[in-house]
Every structure is written in C-alpha cells, then in structure tokens.
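User: Please take a close look at one residue in the core of interest here. Which surroundings does its side chain have, and how do the charged pairs, cysteines and domains fit around that picture?

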Amino acid sequence: MEQTKCLIIGSGPAGYTAAIYLTRAGVNSILIEGLQPGGQLTTTTVIENFPGFPDGIDGNELMDNMRAQAVNLGADVRTGMVQSVNLTERPFVVTLDDSTQIVADSLIVATGATAKYLGLSDETKYAGMGVSACATCDGFFYRKKVVAVVGGGDTACEEAHYLSKLAAKVYMIVRKDYLRASEAMRQRVAERENIEILFNTNTVGLYGEGGVEGAHLVRHLGTPQEERYDLPIDGFFLAIGHKPATDFLGQQVELDEGGYIVTRPGSTATSVEGVFAAGDVADPHYRQAIAAAGSGCRAALDAERFLAAQ
Ligand code: NDP
C-alpha cells in the first residue's frame, strides 16, 4: 500500500493552501481532489473579496491558479474520491473510489460543503429538469424565462441577482417576513426591478410535464391566514445553505449538530489525534474563501508539528 506523511482530502482553497504549505515544508503529502476539483468557487462568477485581485477574479481562474501554484511547488495532486477512512489506529487507512488504499500518518480534511435541498420528492423528480442549486452553473438555460430562488440569505440574494440579468422574472421564496442577508446584498436585490420577493412563503411541491412548470406554494403556513396557490415558473433554484461533506468519516470524528467537524479552539485539531480539519467542513460561521485558505495554512502547520513530534 502507498504511504504518505499527510493525506489532504479536498481541493478548495483550504486543501490547495495546505498542499502549498506542506510541499514547501518538504513534508511528503498527497492531495485527493474529489468530485468537484476546485470546490464551490468553481460554481461562482467573479470573486471580489479575495485580497490581491484589485479588479476581482473569476472563481475558476482563482482555483486553477491555486492548483497550479501547488503543482508548480511539487504537490502530488490526484483525481479521485475518498470512499472511507479507518481512523481507529495509526497510520490511518484511506480507501478511494477505485478501491486504492493509501496509508497516511496524518490527515487534513478539507472536503467543504454542498448545497442543501428542501427534502421534497419533487426536487429529485425534476433534478436536471428545472431544479438546480447553482445559478451560475445553470442560469444560462433560463434566459428570458421565469425562475424562483428559495432562501433569504446572502447566497439566495446573490443567486437571484445573477439570475435577474438572464431571466425575464425572478421570484425569491422566503419563509420569514425578512431577508437574513447582509445590507449590501439586500440593496443589490432591491435595485433589480425584475426580482419580486414572496415573504412568509414555503414551497410544498413542484409540477410540470417533463420539467418544472410551476411550484405549489403556501403563504403563512400553519396560521389562520394560510393560503395555497400555484406559481408558474420554469426553473427552481435552491439557496438555503449548505451541508458539510463529512459522511465518509462515518462518526469517527466529533461533529456538531449541523454535521460540521468540531476543532479544538485555536487549532485545526479534531477529536482524533493526527486528523486536522480546514475550510467550510469545519466552519459553520464564516464560510469564506479567504477564511478557508487561512485555515488550510493552519492545518498544514498543525500537521507538520504533529508529524515532527512523532
Ligand atoms: P444562510 O444560512 O445564511 O441562509 C439560508 C437561508 O435559507 C435563510 O434565509 C433561511 O431562512 C433559508 N432556509 C433554510 N432552510 C430552509 C427551508 N427548509 N425552507 C425555506 N428556507 C430555508 O445561508 P447562505 O448560504 O445564504 O450563507 C451562508 C454564509 O455564507 C453566510 O454567512 C453568508 O453571509 C455567507 N455568504 C456571503 C456571501 C457574500 O458576502 N458575497 C455570498 C454567499 C454567502 P431563515 O432565515 O428563515 O432561517
């Protein structure tokens, strides 16, 4: 079985930054990229809040640059998915989707998070036929059409704003009577005439022949004013938050109630000695690229110290 000092799982800003630091420190390591090389930033457009780019930078370009920087320094970056890990004894054994096994003295989990769905059977029924969790990936298909975005946070506002430049009309379906999003994002939405916000509204189903043609909505759900109606739409976009990618850990590492990895205060160390966590998978609060990159650096330094002490 192949052996490495440190196996990095995940290829977002956290994973690539960890690879850059470990490679420069001369620590033998392997990075496994996962299903979506580059992570969530590859599904956004321009990024204006990553320092160092006065005019902003395209998300894919930023991730390509991080990957190239790691590879140029000599990082061992591989395609593949981690299927499972055995953390009961060290060295750890990591099994990939092609059944390859790698033995690692330490692990950095930087697997990020994926979009949440409402849990309606219609979301599965119409997957790829009008239901999406990525406006920048699929918005193109809805030019001059009518779409709805579910959620009232920054992501929902960003997605609605993006879609409003393509679609004829964008509804935001918000379950509360206010937007949770930041003032800046609320302002952006308010400036777009073709965005209409449906407050106090829940989605209970979707309908359509061979694709989404509308959503079954309920206003003031569970109250005396409850009102059910159908909204004709061509596309239904989810923007209700994210779920950390921790299933492959199989309860071997302490997680919080949201499934995020718990790290020791002031450290990237997890409940298992030798396992470190970086990026969104351990960050329910900030969830920013620069914060993920910073924690990737910290995880690499923590792993390096752990290895040196062995
Ligand atoms: P949030 O958790 O901030 O917002 C989720 C939204 O979805 C809320 O409005 C929530 O409603 C709603 N929601 C959750 N579950 C359901 C459900 N079952 N049915 C209907 N609505 C639901 O997630 P975001 O992804 O928007 O943001 C995550 C973090 O990333 C935040 O810290 C955010 O600031 C940051 N971010 C920053 C950006 C930027 O600055 N450019 C861009 C994108 C994200 P409710 O309010 O009722 O709970």
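Analyst: **Close look at Val-275**

Val-275 is buried, at a relative accessible area of 1% (buried is under 20%, exposed over 50%, partly exposed in between, with a 1.4 Å probe and protein chains only). This is a predicted model: local features need pLDDT of at least 70, side-chain atom pairs count only at pLDDT 80 or more, and totals for chains, interfaces and linings use all residues. Residues are numbered from 1 along each chain as its sequence is written, and side-chain values use heavy atoms, without hydrogens or water.

Val-275 sits in strand S19, residues 275-277 (strands are DSSP E runs of at least two residues, helices H or I runs of at least four, numbered from the N terminus). Leaving out residues up to four places away in sequence, Val-275 touches Leu-87, Phe-92, Leu-107, Val-109, Val-253, Thr-268, Ala-269 and Thr-270 (contact means heavy atoms within 4.5 Å). Phe-306 lies 31 residues from Val-275 in sequence, with 9.6 Å between their C-alpha atoms.

Glu-273 is in the loop between strand S18 (242-244) and S19, and its partner Arg-90 in the loop between strand S6 (82-86) and strand S7 (92-96). The two form a salt bridge, with closest N and O atoms 3.7 Å apart (a side-chain nitrogen of Lys or Arg within 4 Å of a carboxyl oxygen of Asp or Glu). Parts 183 residues apart in sequence are therefore tied together by this pair. Glu-273 is exposed at 51% relative accessibility. Arg-90 is partly exposed at 39%.

The structure holds 13 salt bridges. Among them, Lys-5 pairs with Asp-105 at 3.5 Å, N to O. Strand S1 (residues 2-9) carries Lys-5 and strand S8 (residues 101-109) carries Asp-105, so the pair links parts 100 residues apart in sequence. Lys-5 is partly exposed at 40%, and Asp-105 is partly exposed at 28%. Glu-2, Asp-76 and Arg-78 are joined in a network of salt bridges.

Now the domains. The chain is split into domain 1 (2-114 + 243-309) and domain 2 (117-238) (bounds from an automatic or database domain assignment). Their C-alpha centres are 32 Å apart. Domain 1 gives 4 residues to the contact and domain 2 gives 5.

Glu-123 offers another charged site, in helix H3, residues 121-125. Glu-123 is buried and has no salt bridge. The nearest side chain of opposite charge is Arg-175, 12 Å away (Lys and Arg count as positive, Asp and Glu as negative; His and the chain ends are not counted). The Glu-123 side chain reaches the backbone nitrogen of Leu-120 at 3.0 Å. Beyond neighbours within four places in sequence, Glu-123 contacts Tyr-117, Leu-118, Val-131, Leu-206, Phe-236 and Leu-238.

Last, the cysteines. There are 0 disulfides (a disulfide is a pair of cysteine sulfur atoms within 2.5 Å). The sulfur of Cys-6 has its closest cysteine sulfur in Cys-297, 13 Å away and therefore too far for a bond. Cys-6 is buried at 0% relative accessibility. Cys-297 counts as buried at 16%.

Conventions
A polar contact is a pair of N or O atoms within 3.5 Å; within protein, one must be able to donate a hydrogen and the other to accept it, and residues adjacent in sequence count only if both atoms are side-chain atoms.
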